[in-house]
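Dear colleague,

I am handing over the structure below, and I would be glad if you kept it open while reading the notes that follow it.

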Amino acid sequence: MARARTSRSAPSRTRSPWRRRAGLAVKLALGAIVLAFAALLTAVYIARSQLPSFESLKSSPNGQMIRVHAADGSVLVSLGPSYGEWLAYDRIPAVMRDATIAVEDRRFDSHVGVDPVGIVRSLYVNYERGRRVQGASTITQQLARNIFLNNQKKFGRKFREGILALALERKFSKEQILELYLNKVYYGGGAYGIDAASRKFFGHGADHLSLPEAAVIAGLVKAPSNYSPTADAQAAVGRAGVVIQQMVRNGFISVDQAREANDVGVRLAPAPRQNSVRYFTDWALPQLDLLIDETEKPLEVWTTLDPAMQRDADAAVRANVPKGAQGALVSIDRDGSVRAMVGGTDYVSSIYNRATQAQRQPGSSFKLFVYLAALEAGRTPEDREIDEPVTIDGWSPRNDSRRFSGSVTLRTAFAYSLNTIAAKLGQAVGFQTVADMARRFGISTPVNTHPSMVLGTSDVRLIDMTRAFASVGNKGVAITPFGITRVTADGEEIYRHEVDRSQVLVAPNVAAEMTDLLQTAVNTGTGRAAQIGRPVAGKTGTTTSSKDGWFLGFSSGLTTGVWMGRDDARPIAGLHGGTAPARAFREFMVKAVAKRPIEQFETAVTLPEAQLEPDAESYYGAPDNATYDDAGYGPDALPAPEQGTVFGPERPVVQPVPPQGDEPQPQQPRPDERLDQEWLDRVTGQPRRDAVRTPPPPRGTAPARPPAAAQSGERPYQ
């Protein structure tokens, strides 16, 4: 009997070690759970103790707000995050609260900050679909992420998010959490909070939201960029329908209310018009990274933009740009402040800034640097060159007139854009010297040194070319364009622009002689359409097959550059620098300088040798091709060439295109008048002087200033 009991008890003794091990494992697991729970509680209460107060969280915005002011102090645009009025819980419409809970966290009122049921449901749905289609973040978790964390999908971030959510639930009530969430969550389009979103999309405050409007806003949280009403109204309405279905399913509204909401629909506020001001702000504001270090406080940025000039610039470009083409304009004051900038005909359809980003060939407007280099080397406007066939390293430029005029002055060559003379000057001073002159005056793009570079074959930016002309008009002192005058943060000034007037690019007499040539080009040459009734100096530019048209000039301390062409660089019939660009320049400048005193240049208006037929590029000139540049019709009455001069084929007589509509035409002499210096003085308002041309002053001496009457502006410049 004893042996039998012993044999029966043997198996139990063999199983007991496993039982002991299992029991130990259970105890260890329970201990680990207790320890983990204790650690979790400790972490939660530590996080709770470190959380800011409710009032602190209400007053802390997310992101940096930038308000941009024009030169007159008016607000041009507000950028960055937009915050509406803070709505307390009892001011938030019930439909807004219910819609948010229904679509984002239907167990919001019952969970403790993290929803285990929601996590299990999310894992099951994602497993069944084979991809991540549903999240499990509660409203409290989203609030914690928006305020304290980022959107990285990593376990560490999710764990911290959960701890913070539990801590938030321990410190704040459900009403406070929902109030924070609805006033701080991002709804797209720069709008943070329901009030900013309501004002942006519906044009009124969030305290008056209807059921359909609340559904639209609640639906934005999942993907603001995809469901934004301003980006895709149909997608926004479709998402709102999903929100309303969830509200019915969770008992917030009845089926009849849902049907009525779908029938009523929503009325979106009209989107604000994005005008050409944004071209300027897109150019100026990135410079803040170099000017200041402040990245958090709201900024007030004061700029140089003149709203009236900007409107006039926009209108001038739109009114004159050829159909299917684009246009750009930059206007710079004598201190470098950018007063107007148009980067295209429509900012909404294209934010590409053709004034600062586009690189196009400048045509013969590039001759500015050729003649600057020649003048600096000792040449004068009265020096003579032979207009004759020339070949340089296999390249043979030709004039648009298809003829050669023999001995001409540099003034005549510049006024009528004779390409052979530009080529000769470039060869004489050195093409590298011309390239260096362009870089000296602010051309930031690469400049080639092939002989054809004198005709503007290197790509440039409009703002750089305008800067170069402005520096000539500033008597050779460098002008650097700028758009920001000062910046404040919380009322404290943290930046103020200081103008540098110390960099001299060329001697004053060289700048004066260049201004002399530019003034002649407008008065009698290719730029006649740019006349504005007061002294103007400028130059046209036209490129191969009328792909680009340029006009750049200055008057009364304001320099303006205009470019027109197609983005795909296809030819545009009839586009020349002296036509649409020059007219846009004139229409803008007439208004821009109207209230400025008339300023006479420190050079006399001198008539070029071509006295019987002005250059006709403004009316019917053809652009350059691979061998010639801006139209350079030479007159038929040029002085007889010296013996041995080779002529090209005679140019047929071409009648100018008759005036169209009310467009003012360049003043022409009556049949009984002689087109000479006396006539030019009279039509330009210059004082009477002898018809004999005064010889130029010796090099190194400043040109003679005009008489006191001309300086004072007593006589109008017609």
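In this predicted model, 51% of the 718 residues of the protein chain count as buried. The accessible surface of the protein chain comes to about 33,300 Å², and carbon and sulfur atoms hold 53% of that area. Among the contacts in the protein chain with a separation of 6 or more, 72% are accounted for by residues 24 or more positions apart. The secondary structure of the protein chain amounts to 24 helices and 14 strands.

Two sheets deserve a description. One is an open sheet of five strands in the order E2-E1-E5-E10-E11, and its pairing is mixed. Its edge strands are E2 (75-79) and E11 (492-496), each of which pairs on one side only, and the twist averages 20 degrees from one strand to the next. At the E11 end, strand E10 (residues 484-489) and E11 pair in the antiparallel sense over four bridges, with alanine 489 having glutamate 492 in E11 as its bridge partner. Helix H13 (residues 277-284) packs on this sheet, where it touches E1 (66-69), E2, E5 (299-303) and E10, and its direction makes about 60 degrees with that of E2.

The other is also an open sheet of five strands, with the order E7-E6-E14-E13-E12 and antiparallel pairing. Strands E7 (338-342) and E12 (537-542) stand at its edges with a single partner strand each, so one side of each is left without a neighbour in the sheet. Here the twist averages 5 degrees from one strand to the next. Strand E6 (residues 326-333) and strand E14 (residues 558-565) pair in the antiparallel sense over eight bridges, and glutamine 326 stands opposite glycine 565 in E14. Helix H22 (residues 580-592) lies across E6, E7, E13 (548-555) and E14, running at about 150 degrees to E14.

A further strand pair is formed by E8 (residues 384-387) and E9 (residues 406-409), which pair in the antiparallel sense over four bridges, with arginine 384 opposite threonine 409 in E9. In a regular strand the side chains alternate between the two faces of the sheet. Along E8 this alternation separates Glu385 and Asp387, which point to one face and are buried, from Arg384 and Ile386, which point to the other and are not.

Turning to the helices, nine of the 10 residues of H16 (residues 367-376) are buried, so this helix is largely enclosed by the rest of the structure. The buried residues of H16 include Lys367, Phe369 and Tyr371, and the packing partners of its buried residues are the helices H17 (410-415), H18 (419-429), H19 (431-440), H20 (462-473) and H21 (508-524). H21 is where valine 510 is found, and valine 510 counts as buried because its relative accessibility is 3%, against a cut-off of under 20%. Valine 510 and tyrosine 371 are 139 residues apart in sequence, yet their C-alpha atoms are 9.7 Å apart in space. H16 is followed by glycine 378, whose phi is positive, near 115 degrees.

At the surface, Val26, Leu30 and Ile33 make a nonpolar patch of about 290 Å². Leucine 30 belongs to helix H1 (residues 2-50), and with a relative accessible area of 49% leucine 30 is partly exposed.

With best regards

Conventions: Residues numbered from 1 in each chain as written. Predicted model: local features only at pLDDT ≥ 70, side-chain atom pairs only at ≥ 80, totals over all residues. Heavy atoms only, no water. Patch = residues over 30% accessible without salt bridge, like charges linked within 9 Å, V, L, I, M, F, W, Y side chains within 5 Å. Areas by Shrake-Rupley, 256 points an atom, 1.4 Å probe, with all protein chains shown as cover. Salt bridge = Lys/Arg side-chain N within 4 Å of Asp/Glu carboxyl O. Buried < 20%, exposed > 50% of the residue type's maximum accessible area, 1.4 Å probe, protein only. Contact = heavy atoms within 4.5 Å. Pairing = 2+ DSSP bridges. Axes fitted to C-alpha atoms, helices over the stretch in contact; angles between N-to-C directions.
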